[in-house]
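Colleague: Got a minute to go through this model with me? I'd like to chat about the contacts before I head back to the bench.

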Amino acid sequence: MALDSAPVLEAKNISVEFGGLKAVEDVSFDIPDRSVVSLIGPNGAGKTTFFNVLTGLYKPTSGFVIYNGEDITGVVPHKIAEKGVARTFQNIRLFGLMTAEENVMVAMHSHLKAGIIGTIIGSPLQRREEREAREEARALLTFVGIGKTAMEFARNLSYGDQRRLEVARALALRPKVLLLDEPTAGMNPQESAVFVDFVHKVRDEKNLAILLIEHDMSVVMKVSERITVLDRGMKIAEGSPADIKSNPRVIEAYLGKSAEVNK
Amino acid sequence: MSIITRKKGASKKKAPASQRTWSIGFLTLAVAVYIFYTYIVPHTPDGFQNQIQTWFPPSALNEALVWVIAALGLNIVVGYAGLLDLGFVAFWAIGGYTAGWFMSGFFYQINLHFGSESAKSFPGIHLSFWIVLLLGALICAFFGILIGAPTLRLKSDYLAIVTLGFGEIIPQVFVNGENIHGFNLSNGTKGISPVDNIGLFGKRLGPFDLNYKYMIFVFMAGLMVFISLRLRSGRLGRAWLAIREDELAASMMGVPLMKTKLSAYAVGAISGGLAGVAYATHVNGIFAERFQFSISIILLAMVVLGGMGNVWGVMVGALLIAWVNSTGLPALGNEINSTFNTNINFPSYTFLIFGGLLILMMLFRREGILPESRLKMVLHENDDDVENEAPHRNISEEEAL
Ligand SMILES: Nc1ncnc2c1ncn2[C@@H]1O[C@H](COP(=O)(O)OP(=O)(O)OP(=O)(O)O)[C@@H](O)[C@H]1O
Ligand SMILES: [Mg+2]
């Protein structure tokens with residue numbers, strides 16, 4: 001199992017406060033290389049905030065983020081992205097008035113080298129680079145199953161295709177870690193079922209680790225090798241899907257005290 | 001190439017003409033206009049020649065081309081990168097003074113001639129027009145970065161206000177720059193004049209060689225179009241648009257925000273500088289009090305009216321507004337005054353008319369005359385005649401992330 005491999009991303013004692021509100025409190029967490037792990041918890045538990053810390057959007061009030069053995073706490077977002085931490089957004093954030101292909105190519109920005117002059121004169125290097133980037137973008141769109149939409153504006157895609165496009169765009173960063181924030185939100189059960197296989201396909205073919213925030217328990221239980229549960233900013237449980245399913249603290253967090261009594 | 005295919009995907013209904021068609025159209029029209037003024041007009045009856053002088057004088061055409069050059073630069077900042085800049089006149093002024101410093105007898109203490117067709121005995125710095133263009137571009141790029149570095153961190157509304165400030169400060173520096181601790185930077189309100197004539201293939205262009213200047217300005221405008229289109233379709237252009245669309249998402253996809261915004265600002269500044277140099281040779285001098293806030297606003301109106309993000313739209317907008325401003329309105333005013341025996345000062349209503357025009361545009365055609373196809377889609381997405389499969393977003397609308 002991928003769980004025994006060395007962690008590619010580690011969070012150590014992360015706390016985030018907004019004013020007086022402790023959105024994340026002393027959470028430690030690691031993502032083993034090439035694993036699929038999940039983060040679950042009730043609304044407002046601090047999951048997205050935790051993602052925002054990992055991707056450099058928020059600087060934690062305390063704690064560290066280690067990527068491949070390097071401390072990246074407080075590093076600016078675009079540098080973290082360039083290093084290989086990619087993400088999707090809970091509320092889709094595509095570049096609506098750019099084509100699907102362009103959306104993907106934006107994320108290749110840090111790999112491409114063409115400067116202003118090279119672009120204006122269309123140097124052979126720039127032309128080759130552009131052609132290859134375009135081919136790679138097409139391949140990624142096909143990989144996520146929306147190859148036909150390359151020339152359509154992102155905002156015109158169906159909801160499911162937009163979700164896929166976000167994944168393709170994130171993959172264009174050639175990441176080592178992919179963070180997916182509620183990727184099945186808005187999908188029907190059938191689409192969600194397909195999604196489980198898709199996650200494994202991404203992990204296996206792109207050789208990366210995936211951290212998933214997910215509300216759909218059937219997806220979480222099927223897809224994850226390990227599940228971490230947050231509640232009101234604190235980590236309350238961590239373990240295999242089977243462990244989590246029967247953990248009283250988790251049930252309590254999700255269903256309230258009465259659930260425990262009824263059980 | 002990419003642009004053409006992209007346009008195809010843009011609107012299925014009326015495929016907009018490709019960039020190549022537009023480029024060919026632009027060149028053909030430019031040549032036709034040249035032939036018209038140089039070879040046809042002189043052979044027409046006096047009455048017709050007078051009409052041309054009243055309604056479409058060649059000097060107004062040249063001036064309009066200068067506006068096109070500047071507007072295309074502002075389009076990169078506002079139309080591509082989505083950064084509202086209300087102080088673009090600053091670069092126009094800096095470009096103008098670059099011409100004043102390096103193409104005139106202003107620094108009479110120095111006698112430096114290089115590539116200029118002006119007489120060697122003239123004191124002052126006299127560099128070739130083409131070198132001065134390059135200098136103007138470099139100096140403006142430098143100031144663009146200097147001004148941009150501290151301000152581009154600001155959110156858009158604040159950026160607009162700060163750029164507005166710089167647009168006021170820099171011309172004021174020139175107005176009051178007659179004696180900076182004993183150094184005369186700008187000759188104050190007296191301005192710098194005359195500026196050397198442009199040398200072209202060993203020929204010295206006089207103030208009346210309008211057709212040669214026309215060719216040079218067309219070339220410069222064409223160059224700006226080319227640069228805009230090339231950049232737009234490449235790595236940097238994508239990053240600009242991504243920032244315009246969603247800054248946060250762009251940064252999460254590895255786009256360095258500051259650097260990318262600065263590059264848009266610098267390229268814009270460069271074209272402002274080119275326009276400044278061109279304008280100085282057009283009016284044969286630099287006059288401090290001409291660099292007013294209104295220039296920034298007119299340029300912005302050209303970009304918005306023409307169609308933000310589309311170079312051809314911006315060009316049409318710039319030509320149109322520049323013509324109304326310099327010729328159309330005064331000529332129409334005279335016509336009306338003489339017909340109805342009135343005495344209305346029409347040019348004094350310029351801004352009222354521009355304001356009215358902008359309001360009308362915002363009400364009925366927000367995307368501009370020749371919109372970027374992608375913009376048109378947003379602004380008309382609720383119209384019945386445009387089919388679109390709007391994404392059914394059923395996600396929680398709580399937070400932006
Ligand atoms: N930028 C912010 N400023 C202030 N408070 C914030 C900010 N971001 C998040 N919060 C608060 O932090 C808490 C955790 O929010 P977060 O979005 O991380 O929850 P979540 O676990 O992702 O919830 P959901 O399942 O609804 O997406 C919430 O109370 C939220 O209101
Ligand atoms: Mg969330």
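Modeller: Sure. Let's start with A:Glu102, which counts as buried at 1% relative accessibility. Keep in mind that this is a predicted model.

Colleague: Okay, and which residue forms a salt bridge with A:Glu102?

Modeller: That's B:Arg232, and the closest N and O atoms of the two are 2.8 Å apart. The pair crosses between chains, running from helix α8 (residues 210-233) of chain B, where B:Arg232 sits, to helix α3 of chain A, which holds A:Glu102.

Colleague: Is B:Arg232 buried or exposed?

Modeller: B:Arg232 is buried, with a relative accessible area of 5%. The cut-off for calling a residue buried is under 20%, so B:Arg232 at 5% falls on that side.

Colleague: What about A:Glu101, what does that one pair with?

Modeller: A:Glu101 has a salt bridge with A:Arg134, and their closest N and O atoms are 2.6 Å apart. A:Arg134 is in helix α5 (residues 124-143) of chain A and A:Glu101 is in helix α3 (residues 100-106) of chain A, so this pair ties together parts that are 33 residues apart in sequence. A:Glu101 is buried too, with a relative accessible area of 1%.

Colleague: Which residues are linked with A:Glu101 in a network of salt bridges?

Modeller: The network links A:Glu101 with A:Glu130, A:Arg134, A:Arg138 and B:Arg238.

Colleague: And how many salt bridges does the structure hold over all chains?

Modeller: There are 20 over all chains. One of them joins B:Glu245 to B:Arg244, with the closest N and O atoms 3.6 Å apart. B:Glu245 counts as partly exposed, at 25% relative accessibility.

Colleague: Switching topic. What's around ligand 1?

Modeller: Ligand 1 is surrounded by 16 residues, and the closest are A:Gly44, A:Lys47, A:Thr48, A:Thr49 and A:Gln90. The surrounding residues come from chains A and B, so the site is shared between chains.

Colleague: What's the mix by class in that shell?

Modeller: Five nonpolar, seven polar and four charged residues.

Colleague: Where do the oxygen atoms of ligand 1 meet polar atoms of the protein?

Modeller: I can give you three places. A polar side-chain atom of A:Thr48 is 2.7 Å from a ligand 1 oxygen. At A:Gly46 a backbone N or O atom does the job of partner, 2.9 Å from an oxygen atom of ligand 1. There's also A:Glu182, with an N or O atom of its side chain 3.5 Å from an oxygen atom of the ligand.

Colleague: How much of ligand 1 does the protein cover?

Modeller: The protein covers 73% of the 630 Å² of accessible area that ligand 1 has on its own.

Colleague: Which elements give two or more residues to that shell?

Modeller: Those are β2 (21-32) and α1 (47-54), both of chain A. The most comes from α1(A), which gives three residues.

Colleague: Now the surface. Which residues form that nonpolar patch on chain B?

Modeller: B:Val31, B:Ile35, B:Tyr39 and B:Ile40 form the patch, and together they have about 370 Å² of accessible area. B:Val31 is in helix α2 (residues 19-40) of chain B. On its own, B:Val31 is partly exposed, with a relative accessible area of 47%.

Colleague: I've also got B:Asp196 circled in my notes. Where is it found?

Modeller: B:Asp196 is in the chain B loop between α7 (156-175) and β4 (199-200). B:Asp196 is buried, at a relative accessible area of 9%. Its side chain makes a polar contact with the side chain of B:His126, at 2.6 Å.

Colleague: Last thing, backbone angles. Which residues have a positive phi without being glycine?

Modeller: Two to look at are A:Arg34, with a phi of about 60°, and B:Asn284, with a phi near 60°. A:Arg34 is in the loop between β2 and β3 (36-40) of chain A, while B:Asn284 is in the loop between α11 (257-283) and α12 (293-306) of chain B.

Colleague: How accessible are they?

Modeller: A:Arg34 counts as partly exposed at 31% relative accessibility. B:Asn284 counts as partly exposed at 24%.

Methods:
Residues numbered from 1 in each chain as written. Chains lettered and ligands numbered in written order. Predicted model: local features only at pLDDT ≥ 70, side-chain atom pairs only at ≥ 80, totals over all residues. Heavy atoms only, no water. Patch = residues over 30% accessible without salt bridge, like charges linked within 9 Å, V, L, I, M, F, W, Y side chains within 5 Å. Areas by Shrake-Rupley, 256 points an atom, 1.4 Å probe, with all protein chains shown as cover. Salt bridge = Lys/Arg side-chain N within 4 Å of Asp/Glu carboxyl O. Helix = DSSP H or I, 4+ residues; strand = E, 2+ residues; numbered from the N terminus. Buried < 20%, exposed > 50% of the residue type's maximum accessible area, 1.4 Å probe, protein only. Near = heavy atom within 4 Å. Polar contact = N/O pair within 3.5 Å; in protein donor to acceptor, adjacent residues only side chain to side chain. Nonpolar A, V, L, I, M, F, W, Y, C, P; charged D, E, K, R; others polar.
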